[in-house]
Amino acid sequence: MQPITNHLPTAELQALDAAHHMHPFSTQSGFKTKGARVITGAKGVMLRDSEGQEILDAMAGLWCVNIGYGRDELAEVAARQMRELPYYNTFFMTTHVPAIALAKRLADLAPGDLNHVFYAGSGSEANDTNLRMVRTYWAEKGHPNKQIVISRWNAYHGSSVGSGSLGGMKGMHQQGGMPIPGIAHIDQPNWWSEGGDMSPEEFGLERARQLEAKIDELGEDNVAAFIAEPVQGAGGVIVAPDTYWPEISRICRERNILLIADEVICGFGRTGEWFGSQKLNITPDIMTIAKGLSSGYQPIGGSIVSDEVAEVIGNCEFNHGYTYSGHPVASAVALENLRILDEEGIVDRVRNDTGPYLAEKFQSLTDHPMVGEAKIVGMMGSIALTPDKSARAPFEAEAGTVGYMTRERCFANNLIMRHVGDRMIISPPLVISKDEIDTLIDRAWQSLDEGMAAVKDAGLWKAG
Ligand code: PXG
């Protein structure tokens, strides 16, 4: 058989893909009528497809390629590590240098007393670890009933049964018997869509105090932890009002429940700090990490755990772990990625230079007639599409219809900017230059113009 390479004609690759490759979060039968875009290479912030198009990737893959594509250093570290020790496990009283070195580096980078790392292969796996770890923690401390984890609707914490249950995506819960028992949800702090007549500050407090009400309803003795993303990512880059996080922190402290900050997207410079928790002044007991940890060059995730939690867990045999926990190649690549983020001043640049530049340009999109609010923290941002800004009105058409039409124009204009419902989101590689930011904004504006024209042509320019 002829090898399958990038050099086959696109249509042939698409037909093979449709026939044999089942895609995540997709309607598989759709690939038979419209083939997938075949990505063949990438450098910096630009992707190349099998038709030779150059596409600006304003999503950094799936929010993960923080240092940009095409860094040889990571390839070299991976090759070296594969030759030296391609695999060994970290079970049964064994360890290896890459896992040790990365854990030490993460302990140094993480705030406060988050000094201990439990490795996983992904964010989903890490959140499964967290679910079992917080329950085990309370059981070990003599509170076996403290088992319920509270999360938020429209949160994303992964796609395994445990992490998908922790998440608040109703479409996911409808498939495959989720959520599992012992998980409760409160509403998200999305002021634009759900704030009604409240000011953002009042609304932030109201949403935070839902946590207190939920703890009262369930009984403090039954609640183990609250889990949340510092800034919701997959839910549409929802930035909570300023009053939200201080109130959440107070409640977790006073009610004696653990706080898990899911930093899978917010971590490793995305917000202009090493972790979103630092940006928003959150003091978690556990942080979930993945994605930017290796800039997506290798699959790796984990939980960074406080001294207290680690000590309690350390007193029992924690019957949990993955074949690839602390994989040596993934760990070595992650370490090299962290070196680059640090030594090239990439996090500082997001905080002080390119981040503020992007924020200013991104805000200017609110001058577009179809754009209501723009929200951006560091290099994760979203705009709300609306036919009536002053009323913060949604479209009459089913949520996501207009977002999808606009996203199609972005793709046609060689810009990867996604939609979540009728919010458009960006999360570019952190190395994006000012010139590339200008290109991103120009293409976004043009796509908004074309999207709005398409919406009007389809008779969908109506408030709901
Ligand atoms: N937590 C958060 C906050 C995430 O964003 C996960 C956990 C799970 O990580 P893994 O590595 O298991 O995928 C994520 C992942 C999207 C999209 O469409 C977002 C994610 C994954 C896939 C798609 O925005 N986030």
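How many residues of domain 1 are in contact with domain 2, and how many of domain 2 with domain 1? In this predicted model, 30 residues of domain 1 meet 34 residues of domain 2. The legends below treat this interface and the ligand site.

**View 1. The interface between domain 1 and domain 2.** The chain is divided into domain 1 (37-67 + 347-457) and domain 2 (73-343). Taken over C-alpha atoms, the centres of domain 1 and domain 2 are 26 Å apart. About 2700 Å² of area is buried between domain 1 and domain 2, and carbon and sulfur atoms give 64% of that area.

**View 2. Polar atoms facing the ligand at Trp63, Gly123 and Asp262.** An oxygen atom of the ligand lies 2.9 Å from a polar side-chain atom of Trp63. A polar backbone atom of Gly123 is 3.0 Å from an oxygen atom of the ligand. At Asp262, an N or O atom of the side chain is 2.7 Å from a nitrogen atom of the ligand. Of the 540 Å² of accessible area that the ligand has on its own, the protein covers 83%.

**View 3. The shell of residues around the ligand.** The ligand is surrounded by 16 residues, of which Trp63, Gly123, Ser124, Asp262 and Arg418 come nearest. By class, the shell comprises 6 nonpolar, 6 polar and 4 charged residues.

**View 4. Helices and domains that contribute to the shell.** Helix H3 (60-63) and helix H6 (123-140) are the elements that give two or more residues to the shell around the ligand. H6 supplies the largest share, 3 residues. Domain 1 and domain 2 each provide at least three residues of the shell.

Methods. Residues are numbered from 1 along each chain as its sequence is written. This is a predicted model: local features need pLDDT of at least 70, side-chain atom pairs count only at pLDDT 80 or more; totals for chains, interfaces and linings use all residues. Side-chain values use heavy atoms; hydrogens and water are left out. A residue is near a molecule or strand if one of its heavy atoms lies within 4 Å of it. A polar contact is a pair of N or O atoms within 3.5 Å; within protein, one must be able to donate a hydrogen and the other to accept it, and residues adjacent in sequence count only if both atoms are side-chain atoms. Accessible areas come from the Shrake-Rupley method with a 1.4 Å probe; for residues, only the protein chains shown count as cover. Helices (H or I, at least four residues) and strands (E, at least two) are DSSP runs, numbered from the N terminus. Ala, Val, Leu, Ile, Met, Phe, Trp, Tyr, Cys and Pro count as nonpolar, Asp, Glu, Lys and Arg as charged, and the others, Gly among them, as polar. Domain bounds come from an automatic or database domain assignment. Contact means heavy atoms within 4.5 Å. Buried area is the accessible area (1.4 Å probe) that two parts lose on being put together, summed over both.
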